[in-house]
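User: I would like to go through this protein chain step by step. Please keep the answers short and show the reasoning.

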Amino acid sequence: MKKKIIVLVFIALILMTAISFLIPSQLKIDETVFVKAKKNTVNRAINNIHLWKQWWPGSGSTTSINALSYNNTIYEPQLPGLYAVAIGLKHGSERHKTIFSIVDYNADSVLLSWRSSIPVSNNPFTRITRYMRAKKISTDMRDILYAAQKFMSDPQNIYGIQIANQIVKDTLLLNTQAVFTHFPSTDDIYMLINKLTKAANDEKVPVTGYPMMNIVKENSSEYLLRVALPVSQVVKERHGIVIKRMVRGNILVSNEIAGGSSAVEQACKQMMNYVQDFNKTLAAISFQSLITNRQLEKDSAKWITRIYCPVI
């Protein structure tokens with residue numbers, strides 16, 4: 001009987017020694033995925049909690065605005081961050097710190113790296129439990145990274161609009177402009193557009209595209225409104241109407257943007273983010289192509305606009 005007890009104790013000691021040897025005192029978690037996107041683009045997405053909720057694979061938000069859940073674990077990104085954010089993990093009484101970072105890969109791609117270090121107990125049974133828990137955390141982190149990879153590899157998901165590189169087609173434009181002490185209204189805009197349309201009609205010159213506009217805040221009290229109308233041939237310059245030719249070259253074009261001024265403003269902002277991310281240089285001012293006649297359609301939710309941005 002004593003011999004059996006000694007054997008069992010010996011086996012237990014061997015197992016505890018093996019557990020201590022095989023399971024280190026700090027369990028390292030390191031998961032990485034490749035994302036075909038610019039570093040600044042991904043950084044902007046990582047700092048937008050609303051985008052997290054679009055790609056997050058779990059049930060999404062918890063009671064906290066910056067907390068997300070996945071497989072009964074709460075994740076709390078500490079935003080904002082520059083190419084890296086700390087993410088706290090909570091599972092029951094457990095608390096762990098992790099680092100989610102963006103690592104350079106090449107000019108057009110990055111690696112998303114997610115790391116953590118989980119301490120374990122000297123108690124062999126607790127040590128095994130912690131090891132199994134760390135393996136589960138690692139698997140969950142990998143699932144979340146794959147979801148981020150799929151979402152961020154599509155530029156439209158990050159920018160919120162489709163952006164295509166095209167060649168300028170309508171090079172001949174009727175132009176006019178005016179300064180207002182208030183943000184130009186729809187009537188203000190179409191007052192100038194109708195002026196250009198009348199000039200083209202008076203000389204029986206075909207209009208070849210939708211009217212264009214650009215609004216710039218000149219100072220604290222003045223707004224400069226520019227409008228243009230693509231035409232097929234030159235008309236006589238008069239009454240503040242001038243002829244301009246766009247240089248044939250590259251131009252960024254958005255998809256059709258539905259909605260009023262706030263939706264268009266957001267699309268313009270994202271277009272400028274794209275220009276910056278891809279190191280483009282503006283060749284001329286960007287402009288909005290007014291596909292919907294806003295004087296005829298009063299419901300701004302039904303307005304359709306396309307954003308154009310000449311670049312080199």
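**Reading the model**

Analyst: At 31% relative accessibility, Glu203 counts as partly exposed. The model is a predicted one.

User: Which residue meets Glu203 in a salt bridge?

Analyst: A salt bridge needs a side-chain nitrogen of Lys or Arg within 4 Å of a carboxyl oxygen of Asp or Glu. For Glu203 the N to O distance is 3.1 Å. The partner is Arg238.

User: How many residues apart in sequence are the parts that Arg238 and Glu203 tie together?

Analyst: Arg238 lies in the loop between strand S11 (223-230) and strand S12 (242-245). Glu203 lies in the loop between helix H6 (186-202) and S10, so the pair joins parts of the chain whose separation in sequence is 35 residues.

User: Which residues are joined with Glu203 and Arg238 into one network?

Analyst: The network arises from salt bridges that share partners. Besides Glu203 and Arg238, its members are Lys198 and Asp202.

User: Is Asp277 buried or exposed?

Analyst: The cut-off for buried is under 20% relative accessible area. Asp277 has 5% relative accessibility, so Asp277 counts as buried.

User: Where does the salt-bridge partner of Asp277 lie?

Analyst: The side chain of Asp277 meets that of Arg44, at 2.8 Å from N to O. Asp277 is in helix H7 (residues 261-277), and the two residues are 233 residues apart. Arg44 is partly exposed, with a relative accessible area of 26%. Arg44 lies in helix H2.

User: In the salt bridge of Asp108 and Lys38, what is the distance from N to O?

Analyst: The pair links distant parts of the chain, 70 residues apart. Asp108 is in the loop between S6 and S7, and Lys38 is in the loop between S1 and H2. Their side chains meet at an N to O distance of 3.2 Å.

User: Which term fits Lys38, buried or exposed?

Analyst: Residues under 20% relative accessible area are buried. Asp108 is at 37% and therefore counts as partly exposed. Lys38 has a relative accessible area of 14%, so Lys38 is buried.

User: Which residues does Asn43 touch, not counting residues up to four places away in sequence?

Analyst: Asn43 is part of helix H2. At 12% relative accessibility, Asn43 counts as buried. With residues up to four places away set aside, Asn43 touches Gly81, Leu82, Tyr83 and Ile102.

User: Which element gives the most to the largest nonpolar core?

Analyst: This core has 36 residues, and those that touch the most other members are Val42, Trp52, Trp55, Leu112 and Met152. Several elements each supply at least two residues, among them strand S1 (26-35), helix H2 (39-46), strand S7 (109-119) and helix H4 (124-152). With nine residues, the element that gives the most to this core is H4.

User: How many residues are in the other core?

Analyst: This second core lies apart from the one just described. Its members include Leu174, Leu192, Val205 and Met213. The number of residues is 20.

User: Is Met132 buried or exposed?

Analyst: Met132 lies in helix H4. Together with Ile128 and Tyr131, Met132 forms a nonpolar patch on the surface, with about 270 Å² of accessible area for the three together. The cut-off for exposed is over 50%. Met132 has a relative accessible area of 52%, so Met132 is exposed.

User: Which residues of strand S15 are buried?

Analyst: S15 covers residues 287-290, and both of its faces are covered. Phe287 and Ser289 are on one side, with Gln288 and Leu290 on the other. The buried residues are Phe287, Gln288, Ser289 and Leu290.

User: What is the bridge partner of Gln288 in S16?

Analyst: Strand S10 (residues 212-217) runs antiparallel to S15 and is joined to it by two bridges, and Met213 has Gln288 as its partner in S15. S15 also pairs with strand S16 (residues 304-310) in the antiparallel sense, over four bridges. In S16 the bridge partner of Gln288 is Ile307.

User: What percentage of the residues in the protein chain is buried?

Analyst: The protein chain has seven helices and 16 strands. Its accessible surface is about 17,500 Å², with 56% of that belonging to carbon and sulfur atoms. Of its 312 residues, the buried share is 41%.

Methods: Residues numbered from 1 in each chain as written. Predicted model: local features only at pLDDT ≥ 70, side-chain atom pairs only at ≥ 80, totals over all residues. Heavy atoms only, no water. Core = buried A, V, L, I, M, F, W, Y, C linked by side-chain atoms within 4.5 Å. Buried < 20%, exposed > 50% of the residue type's maximum accessible area, 1.4 Å probe, protein only. Contact = heavy atoms within 4.5 Å. Patch = residues over 30% accessible without salt bridge, like charges linked within 9 Å, V, L, I, M, F, W, Y side chains within 5 Å. Areas by Shrake-Rupley, 256 points an atom, 1.4 Å probe, with all protein chains shown as cover. Pairing = 2+ DSSP bridges.
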